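Here is a short report on one protein model. It covers internal space, aromatic contacts and strand pairing.

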Amino acid sequence: MRTGAIVTAVAAMLCTYIVLVVTRADAAETLLSQGKPTTASSTENAGTPASNATDGNTGTRWSSAFSDPQWIQVDLGSTQTITRVALNWEAAYATAYQIQTSANGTTWTQIYATTTSTGGNQSLTVNGSGRYVRVNTTARATAYGVSLWEFQVYGGSTPSGCGTANVAQGKTATASSTENAGTPAASAFDGNNGTRWSSAASDPQWLQVDLGTTQAICGVTLNWEAAYATAFQIQTSTNGTTWTQIYGTTTGTGGVQELTVTGSGRYVRINGTARATQWGYSLWEVQVRVTGAPPTTNDTPSSSPSQSQQPGNTVLLSYKKPGFASTSQNDANCNPCTPDKAFDNDPASRWATNPTGGWVDPGWIYVDLGATAQIKQVVLQWDPAYAVSYQIQTSNDAANWTPIYNTTTGKGFKETLNVTGTGRYVRMYGTQRSNGYGYSLWEFKVYGTGGQPVQPPANPADPIFPATNLVWSDEFNTGTNVDTSKWTIDPGTGQNGEIQYYTNLENTSIQGGSLVIEARKQTLGGRDYTSGRINTSNKFSTQYGRVEARIKVPKGNGLWPAFWMMGTDFLTGRPWPYNGEIDIMEILGKNTNEIYSTLHAPAYNGGGGYGQKISTVDLSLDYHVYSTEWDSKHMTFRVDNQVILVADKDTVETTRGPWVYDHQFYLILNLAVGGDFPGPIDATTPFPSRMYVDYVRVYK
């Protein structure tokens, strides 16, 4: 089914990919609410009771009826001093709400209020007391109710001076080993609790992060996967060579560990010396907190802005402008990776220095803006071959250069640099590479005024969700087989070790108002099994909107039903994964209680795709609605109304690589048999097996 192998995803089956969002609790605080009696004004259904918000499980949630106001409250058992409330909102959040306390559950005192909430994870410092604590919502952000994965109430005090920010996120990470390419060290510091680092299966092993500057360390949070350490140490270093222990244990129990520490260093290391399992060590996330606010210097890039956050009335000056470089690569491994690819506004093409003579320092690339310009911002989207030390320089003649930005702690991924300079030419001048390769940029964007800018093609307007304008659908209510005016039949053998042959309409039919895709034990096309695959290529494609299908999946070892999308440039020769792939739903027949949603791009694909797995009900027992809501800033994936994954564009760009989804995609439905991801069939696999599709709909 996929064009790239997903072998490494099999290793991930050893762990649980349920969405985990860890809400920090500082050392002197006490979590008062977990497991305490919790009630609410309403519940959406029996599967989302109020108690789910205080059970300590971020894979369960409370959700309300679809009206305002709504409330949820917890009984702490006795009057307590309240210092902090942490709210982990599902996508259906409240824009306006109050935190209230009460001694009797009847008379309430407000200790916090907002009318401009943006949802997500919110840690609220408050000052109050009471036996009961309530979140009282008065305005919803969506047409749905309000929903919380977790509602946590803390008492006690926060250590003076210990910050709350995770200063390790996105910083350069290294490790003694990795289990495979899909579990690199960087995954423990990317802010995504669905990705992880895992080591080789031996002792000792270590994981370390470079904070960029020496800082006073006061807290470390470890979010262990099931393969945790029973014995480990937290160590710091100023040089990455000589280490000082600031914490040690021989009785680690895994899970989420909030550790209060005292030490200083530029480097922080977790040194594992005894494993709890026969596997290696594995961490979803490591967070580091420091005393006071993290330092901000002229070489600390600002956070990734949206287009509206560009300074002043600036425009993109570098699009379609001539590029020049110290060297460029143009061979079987990168064809072509010439300078113009950094200025084409295409996040799936890149410039790279030539492996023959170009993997040296310095290395550079510059753009000719056509006329003198005032430079306000430079955005670099790095390939893993990034610069640790580099300058941004300007020039009027491409011979004499003036530095307007300098760093020795470049972090790769996406760096957004607010600068001030003047010149016709703008250059990235790299003086220290991050690894043994050269320099490579997916995008090098220059913003400012002046120059001779060319306006890039505009994206379509973002939909307003919930989207209600139906622009395409197939209800499968008429005829006896697939409507070929809407669908293209896609016969052939498939990829990824699949063992079926996809036939031409022989394994599809319309029955009882549903499309049926049937997998059979049948010899055809050199294979012993047949099935069906259809897509909307050359018939329908979309950019943005709500894409959904109501599907009932089969159960059985080796079965692999999927509902997904491919970039339309795949049809004109762009190879996978440069075209982009959006997997709305993949389910493995061997465990139909789990659903995967995943994005694939050049920098993250196959087993290393950006995605999530969530456990839920047995999806083979009935129809369920699988959907994504997609615009220029994010995608939200759901099964029924349960959020599986929120893929935020800025987060993806600053932690994993380019966002390659701002163009047209077509839809695909198929039922694969066998392969690297689902594993083999066996004697228990039922044939024929059927995937039922009630409808497919696209809204704008």
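The structure holds 3 cavities of 30 Å³ or more. The model is predicted, and these volumes are computed from it. The largest cavity contains about 50 Å³ of space. Its lining is made of Gly170, Lys171, Ala186, Phe189, Asp190, Phe413, Thr654 and Thr655. By class, that lining splits into 3 nonpolar, 3 polar and 2 charged residues.

**Aromatic contacts**

Across the whole structure, a search finds 24 aromatic pairs. A pair of aromatic rings is described by the distance of the centres and the angle of the planes. Two of the pairs are set out below, one stacked and one edge-to-face.

| Pair | Geometry | Centre to centre | Angle between planes |
|---|---|---|---|
| Trp364 and Tyr366 | stacked | 5.7 Å | 20 degrees |
| Tyr604 and Tyr610 | edge-to-face | 6.5 Å | 65 degrees |

Why does the pair of Trp364 and Tyr366 count as stacked? Its planes stand 20 degrees apart, and planes under 30 degrees apart count as stacked. For Tyr604 and Tyr610 the angle is 65 degrees, and the edge-to-face class takes angles over 60.

How accessible are these rings? Trp364 is partly exposed, with a relative accessible area of 23%. Tyr366 is buried, with a value of 12%. In the other pair, Tyr604 is buried at 1% relative accessible area. Tyr610 also counts as buried, at 4%. The cut-off for buried is under 20% relative accessible area.

Trp364 and Tyr366 also belong to an aromatic cluster. Phe324, Trp401 and Tyr425 are members of that cluster too.

Charged side chains also meet aromatic rings. Arg84 lies over the face of Tyr154, 4.3 Å from the ring centre. Likewise, the charged end of Arg350 sits over the ring of Trp442, at 5.6 Å from its centre.

**Strands and sheets**

Strands of a sheet pair through backbone hydrogen bonds, either parallel or antiparallel. One open sheet here has 7 strands, in the order 27-32-41-34-35-36-37, and its pairing is antiparallel. Which strands stand at the edges? They are strand 27 (488-489) and strand 37 (610-615). Each has a single partner strand, so one side of each is left without a neighbour in the sheet.

Inside the order, strand 35 (residues 581-586) pairs with strand 36 (residues 594-600). The sense is antiparallel, over 4 bridges. Glu586 has Tyr596 of strand 36 as its bridge partner.

A second antiparallel pairing joins strand 39 (residues 634-639) and strand 40, over 6 bridges. Arg638 stands opposite Val643 in strand 40. The two strands form a hairpin with 2 residues between them. There, Asp640 takes a positive phi near 55 degrees.

Why is strand 40 largely enclosed by the rest of the structure? Strand 40 (residues 642-648) has 7 residues, and 5 of them are buried, so the surrounding structure largely encloses the strand.

Strand 12 (residues 229-237) includes Thr236. Is Thr236 buried or exposed? Thr236 counts as buried because its relative accessibility is 3%, with the cut-off at under 20%. The C-alpha atom of Thr236 is separated by 7.1 Å from that of Gly263. Along the chain, Thr236 and Gly263 are 27 residues apart.

Conventions: Residues numbered from 1 in each chain as written. Predicted model: local features only at pLDDT ≥ 70, side-chain atom pairs only at ≥ 80, totals over all residues. Heavy atoms only, no water. 1 Å grid on protein atoms, 1.4 Å probe; cavity = no way out; pocket = protein on both sides within 12 Å on 5 of 7 lines; lining within 4 Å. Points joined across faces, edges and corners; volume = space filled by probe spheres on them. Nonpolar A, V, L, I, M, F, W, Y, C, P; charged D, E, K, R; others polar. Phe/Tyr/Trp six-rings, centres within 6.5 Å; stacked < 30°, edge-to-face > 60°. Buried < 20%, exposed > 50% of the residue type's maximum accessible area, 1.4 Å probe, protein only. Lys NZ or Arg CZ within 6 Å of the ring centre and 35° of its normal. Pairing = 2+ DSSP bridges.
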